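Here is a friendly tour of one protein model, written to be read with the structure open beside it. Please have a viewer ready and follow along.

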Amino acid sequence: MTIGVWILGDQLWEQQAALQSVAQKENLPVIFIESLQHIQVRPYHQQKLVLVWSAMRHFAEELRQKQYLVTYKISDDFATPLQAWVQEYQITELRLMMPSDRPFIEVIHSLELSCKITLIPNNHFLWSTEEFNHWAKNRKRLLMEDFYREGRRRWQILMAQNKPIGGKWNLDKENRQPPKGKLNTPPAQWFVADKITLDVIAKVKSLSIATYGDLETFRWGVTRQQALQVLDWFIQHRLSDFGPYQDAMVTGEQTMWHAMLSPYLNLGLLQPLEVIQAVEQAYQQHQLPLNSVEGFIRQVLGWREYMHGVYHYVDAAYPDKNWFNHTQALPEFFWTGKTQMNCLHQVLTQVQHSGYAHHIQRLMVLSNFALIAGLLPQAVENWFHAAFIDAYDWVMQTNVIGMGLFADGGVLASKPYAASANYINKMSDYCKGCEYNYKERVGKNACPFNFFYWNFLDQHRDKLQTQGRMSFILKNLDKMSPEELQSIRKQAHIWHTDNS
Ligand code: FAD
Ligand code: SF4
């Protein structure tokens, strides 16, 4: 019997389950495949292609040094190189770690190979799918906060005698400071491209398929060692102030105090537990502020695991959900960044340059606009999936369809994240440099976030009334004069006609 292991582009860790399942590593046949068909589903960010392919090539090289028998193929499809490799090495059992993305599991089931295929349970998350399903079943609501507390107990993170350190589970209230005055933000940890990465950049430049974004500014890390450097940099220079300005947005400040770890975690270059434990250890050694440390740990131990768990828990129709029946097409400016709405212009241009935006830019600028303007959820999901450096199906569906657009009707968010210009003006400096007036709801200078926000509440009043947390906001809608409401509806309608 000969076992061979197929390593997918987001499984780049030597302890990943499929590699771990084989005792004899020396001369173990392993295969990596860069497929061109696979990247034509949508116009991916060029930097995402470079990141994944360069990280795969680096990891393949690392395994070669360790005496694995590495085959690295560039091909249109997956089946052709797999079949040839199975024959060449007389492989009788192909093992691979269960993919994180459901569509890829379908790809594997559709393969016709002359050997047995064994899927080994994925070990890139703290919670296995079975454990999450067990936690979730029979619950009325899948509350992230309950899940997070369970994670803290299970892995004994920031705990003292089974109670949360500091007495509170969640210090989020301390982490919503608006940006005021000059903020002394720390620089980010970037890298210079090496020969392998330069080769991949040349390949991506030469592709004759549709892509998105700029390539010139590629500065991401592509190895586990570099990913560990980013973690270390975050802990040394960013973690202590991560909390207070977590939700703030400032022109020209792309990353603030954020960790920039999602690209590496999602490729398997870093593991969630090592990140959490390194942060907890720094807290203990250097007495860092608890609101920052807890705030960060909640993201990785809470939100990230929860999003992955929910993704595999919900049924296969989840990606098609459209609770509000929104149908507007995605405006062209999402691809070009050319819009007079300064907040959107700033964030979209930043995404073009780096493939990155921090959480509040994604949630309260990009997906908030898509939600209140009534854009088709699947078009928005497709855009996010194409544009972001850290996007994969498992993290897209729950974050965009669920959290951002509430298209699942509240499976995971307790209310829609819909906001007017007031929020953006409070949490950023974008409105200062904008042609629109953040205070106006109708008229030539009115901010589109305002008329869309009120139009959204008006259009979906019946549905929103069923969401307890919306009743206070709907009362404000009731105070609006019928004339103003009529003008708002008209302006929202005209905007779509002008931008279609
Ligand atoms: P930090 O703010 O420093 O957070 C630390 C870590 O927590 C992140 O690295 C990430 O691994 C994890 N995390 C926090 N929140 C989430 C979450 N909701 N889902 C998953 N992980 C989380 N995250 C992605 O990894 N890929 C995506 O494509 C993605 N798209 C998003 C789209 C929308 C509309 C929204 C609302 C959120 C999205 N997120 C996505 C979650 C989150 O915004 C990013 O993980 C985070 O901004 C990554 O930057 P960072 O590493 O600097 O994060
Ligand atoms: Fe964005 Fe409106 Fe503020 Fe302009 S005024 S930056 S469009 S929220």
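**Strands, rings and spaces**

Valine 5 sits opposite arginine 95 of strand β4, and that pairing makes a handy place to start. The model is a predicted one. From this spot we can walk through the neighbouring strands, then turn to the aromatic rings, and finish with a pocket and a cavity.

**Strand β4 and its neighbours**

- Strand β4 covers residues 93–97, and five of its five residues are buried, so the strand is largely enclosed by the rest of the structure.
- Glu93, Arg95 and Met97 point one way from β4, while Leu94 and Leu96 point the other way, and all are buried.
- On one hand, β4 pairs with strand β1 (residues 3–6), in the parallel sense and over three bridges.
- Besides the pairing of valine 5, glycine 4 stands opposite leucine 94 of β4.
- β4 also pairs with strand β5 (residues 116–120), again in the parallel sense, and here there are five bridges.
- Arginine 95 has threonine 118 as its bridge partner in β5, and valine 5 stands opposite this arginine as well.
- Together with helix α4 (residues 102–109), the strands β4 and β5 form a β-α-β unit that is right-handed.

**Strand β1 and its link to β2**

- β1 is covered on both faces: Ile3 and Val5 on one side, and Gly4 and Trp6 on the other, are all buried.
- β1 and β2 run parallel and are joined by two bridges.
- Across this pairing, tryptophan 6 stands opposite isoleucine 31, and valine 5 stands opposite valine 30.

**Strand β2 and its link to β3**

- Seven of the seven residues of β2 are buried, which leaves the strand mostly covered.
- Pro29, Ile31, Ile33 and Ser35 point one way from β2, and Val30, Phe32 and Glu34 point the other way; all are buried.
- Strand β3 (residues 69–75) pairs with β2 in the parallel sense over seven bridges.
- The bridge partner of valine 30 in β3 is valine 70, while in the pairing with β1 valine 30 stands opposite valine 5.
- A right-handed β-α-β unit is made by β2, α2 and β3.

**Aromatic rings**

- There are 40 aromatic pairs in the structure.
- Why does the pair of phenylalanine 369 and tryptophan 495 count as edge-to-face? The ring centres are 5.7 Å apart and the planes meet at 65°, so the pair falls in that class.
- This pair links distant parts of the chain: phenylalanine 369 belongs to helix α14 (residues 359–372) and tryptophan 495 to helix α21 (residues 482–499), and the two are 126 residues apart.
- Phenylalanine 369 counts as buried because its relative accessibility is 0%.
- Tryptophan 495 counts as buried too, because its relative accessibility is 10% and the cut-off for buried is under 20%.
- Ring pairs join a cluster made of Phe333, Phe334, Phe369, Trp383, Phe384, Phe388, Phe449, Phe451, Phe452 and Trp495.

**The second largest pocket**

- The second largest pocket holds about 690 Å³ of space.
- Its lining has 29 residues, of which His38, Tyr44, Asp101, Phe104 and Tyr392 are the closest to the pocket's centre.
- β2 (29–35), α2 (46–65) and α4 are the elements that each give two or more residues to the lining of this pocket.
- The largest share of that lining comes from α2, with five residues.
- By class, the lining of the second largest pocket divides into 18 nonpolar, five polar and six charged residues.

**The largest cavity**

- Three cavities of 30 Å³ or more are found in the structure.
- The largest cavity has about 80 Å³ of space.
- Among the 13 residues that line the largest cavity, Cys343, Cys431, Cys434, Cys447 and Phe449 are the closest to its centre.
- Phe449 also appears in the ring cluster described above.
- Elements giving two or more residues to the lining of the largest cavity are α13 (342–354), α17 (421–427) and α18 (448–459).
- Which classes make up the lining of the largest cavity? It has 12 nonpolar residues, one polar residue and no charged residues.

Terms used. Residues are numbered from 1 along each chain as its sequence is written. Chains are lettered from A and ligands numbered from 1 in the order in which they are written. This is a predicted model: local features need pLDDT of at least 70, side-chain atom pairs count only at pLDDT 80 or more; totals for chains, interfaces and linings use all residues. Side-chain values use heavy atoms; hydrogens and water are left out. Buried means under 20% relative accessible area, exposed over 50%, partly exposed in between (1.4 Å probe, protein chains only). Helices (H or I, at least four residues) and strands (E, at least two) are DSSP runs, numbered from the N terminus. Two strands pair if DSSP finds at least two bridges between them. A crossover is right-handed if, with the strands pointing away from the viewer, the path from the first strand over the helix to the second runs clockwise. On a 1 Å grid over the protein atoms alone, a cavity is a set of points where a 1.4 Å probe fits but cannot get out, and a pocket is an open set with protein on both sides within 12 Å along at least five of seven lines; lining residues have an atom within 4 Å of a point. Grid points are joined across faces, edges and corners, and a volume is the space filled by probe spheres set on the points. Ala, Val, Leu, Ile, Met, Phe, Trp, Tyr, Cys and Pro count as nonpolar, Asp, Glu, Lys and Arg as charged, and the others, Gly among them, as polar. Rings of Phe, Tyr and Trp (its six-membered ring) pair if their centres lie within 6.5 Å; planes under 30 degrees apart count as stacked, over 60 as edge-to-face and the rest as tilted.
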